[in-house]
Amino acid sequence: MRLESKSNLQKSLQVSGPNRELWFASLGCILGTVLLILSVQFYLDTSEYLERNKGPKNYFTINKKIEGGALANLGKKDDSFSKEELNEISKIDGVKKVGGFVRNQFPLTLYIWPSGKIGLGAAAKTDLFFESIPDEFLDFIPKEWNWEENSSIVPIMVPKFYLDLWNFGLAPSRVEYPALSTDAATGMPIEIFIGKNRETTLDGRFIGFSKRINSVLVPNNFIKWANKKFGQPDAGDFFFLWKKGVIDGPPRSKSDLIKLQENESFTDWEISPLKSPAEREPITRLLENNNSEKEPSRIILEVEDHPSETLLNYIQKNEYEINREFPDQDTVKKALYGLFLGLAGIGTLLAILSIATFASSYKLLVSRASQPARNLILLGFSDTEVAQVFISRFVKLYAIIIGGAIAISFYCKFKLVEIAQDYGIQVSGGLNNQTLVILFGYTIFYFWINKRVIDKSVSDLI
């Protein structure tokens, strides 16, 4: 179409439009587009943040339930998993690996010096425990994790939320305890006292903060060495000694009973466990089991994704307790998905209403220009050329609407990023590529719908 002819078309079809309806349609389109952009961007940003900071959904610990009070459990041996049980669990559908926790077998006290041993600070004192698991179950292995018997420092890894509890729980309530960053926490001196009377002292350091394992971890070779050197018998290692059908003295530890094997009458004696004195068996059974390692009372599992129905049914059948190391984000994601659908639904509804308002407005606009439009068609202009005049007017208006919606969305995103940073949440600025692709598709669809409405309205004139 020549410029002169196009200019004549524009002048011939220049009629007053339904301004109020167009204003409402434009406002609805802007609000709907902004809500759609922000809902998609909010969903993508939050999903990305959760993915970066999510807890491990495929790692779990399992232990046997402990029931009853202190008196009922006094003298009872730990409910450990037998080799048969561990083998059975490892074969369950979806289970990839099974590892056991090994804990310290001696009293343990820690002195933690957050401000250093020299200065105004005080030590945080606590009775604690150490555990170890196979390194393959750790979420990361620090460079300082290796330990040898002549090492000067015992490396310690604690859960990340322990540091959070210190910073937001303990430190604010005690003036002598400062808040700590991860770098400051790894530099704190730690004294490890072993034994009831603190017979041995070792130096320790926090060298990592795990987001997977809810335990105080040390290297496996340190636990083995320390248990061998400082380990004390637990309640399950004590037995009654029977001589000639009569209990001989108070309960004795397994190691003390084994020392009696040089006695000529040793093979004639019997023993019974502390928890059930009537269940007697030959004392020689102690020698058979002397070299056997203790089985773990708590195990960690790596599964393919979420626990399979087979695994959950097995746990329920055996009345085990399962503990996800950190709460999963399934509920958060469901709430996020619901919020996304809600915002996107409202935005879509506003967009649909604005499309309907635009359609009725341009139908009215074409109707008002019906007489000059028919005259132009009779003069030889095609209905496509006539429709193009109305479409170009819509494109100019829609370009302003989309530009305004993008500007508002960028501003809202900028303010949301500022708010997130105030809470220590790092979110990338601007709109990402996925949002822009969705916006482009939405723009094309919106334009296509209104173009069809205008084309049909013009063709109906003929």
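In which strand does asparagine 63 lie? In this predicted model, asparagine 63 belongs to strand S1, which spans residues 59–64. The relative accessible area of asparagine 63 is 17%, and because the limit for a buried residue is under 20%, asparagine 63 counts as buried. Apart from neighbours within four places in sequence, the residues in contact with asparagine 63 are Phe81, Ser297, Arg298, Tyr320 and Glu321.

For the protein as a whole, the secondary structure amounts to 14 helices and 16 strands. Of the 462 residues, 39% are buried. The exposed surface of the protein is about 26,600 Å², and 56% of it is supplied by carbon and sulfur atoms. When contacts between residues at least 6 apart in sequence are considered, 76% join residues at least 24 apart.

Five strands form an open sheet with mixed pairing, in the order S5-S4-S8-S9-S7. S5 and S7 are the edge strands, each pairing on one side only. From one strand to the next, the twist averages 35 degrees. S4 and S5 run antiparallel and are joined by four bridges; within this pairing, threonine 109 has aspartate 127 of S5 as its bridge partner. Strand S4 (residues 108–112) also pairs with S8, in the antiparallel sense and over five bridges. The partner of threonine 109 in S8 is phenylalanine 193.

Strand S8, residues 190–194, is mostly covered, with five of its five residues buried. Ile190, Ile192 and Ile194 point one way from the strand, whereas Glu191 and Phe193 point the other way. Burial therefore applies to both sets of side chains, given that each of these residues is under 20% relative accessible area. S8 is further joined to S9 by five bridges, and these two strands run antiparallel. Across this pairing, isoleucine 192 stands opposite leucine 202 of S9. S8 and S9 form a hairpin with five residues between them, and glycine 195 in the turn has a positive phi of about 105 degrees.

Helix H5 packs on the sheet and touches S5, S7 and S9; the direction of H5 makes about 75 degrees with that of S7. Within H5 (residues 160–170), the buried residues include Leu163, Trp166 and Asn167. These three lie on the same side of H5 because they cover an arc of only 85 degrees around the axis. An α-helix has 3.6 residues a turn, so residues three or four places apart point the same way. Leu165 and Phe168, on the other side of H5, are exposed. The elements covering the buried residues of H5 include strand S5 (124–127), strand S7 (154–159), helix H6 (182–186) and strand S9 (200–210).

A corresponding description applies to helix H4, which comprises residues 83–90 and has Glu85, Leu86 and Ile89 among its buried residues. The arc covered by these residues around the axis is only 100 degrees, which means that they fall on the same side of H4. Lys83 and Glu84 are exposed and are carried by the face of H4 turned away from its buried side.

How values were computed
Residues are numbered from 1 along each chain as its sequence is written. This is a predicted model: local features need pLDDT of at least 70, side-chain atom pairs count only at pLDDT 80 or more; totals for chains, interfaces and linings use all residues. Side-chain values use heavy atoms; hydrogens and water are left out. Buried means under 20% relative accessible area, exposed over 50%, partly exposed in between (1.4 Å probe, protein chains only). The arc is that of the directions from the helix axis to the C-beta atoms. Contact means heavy atoms within 4.5 Å. Two strands pair if DSSP finds at least two bridges between them. Accessible areas come from the Shrake-Rupley method with a 1.4 Å probe; for residues, only the protein chains shown count as cover. Axes are lines fitted to C-alpha atoms, for helices over the stretch in contact, and angles run from 0 to 180 degrees between N-to-C directions.
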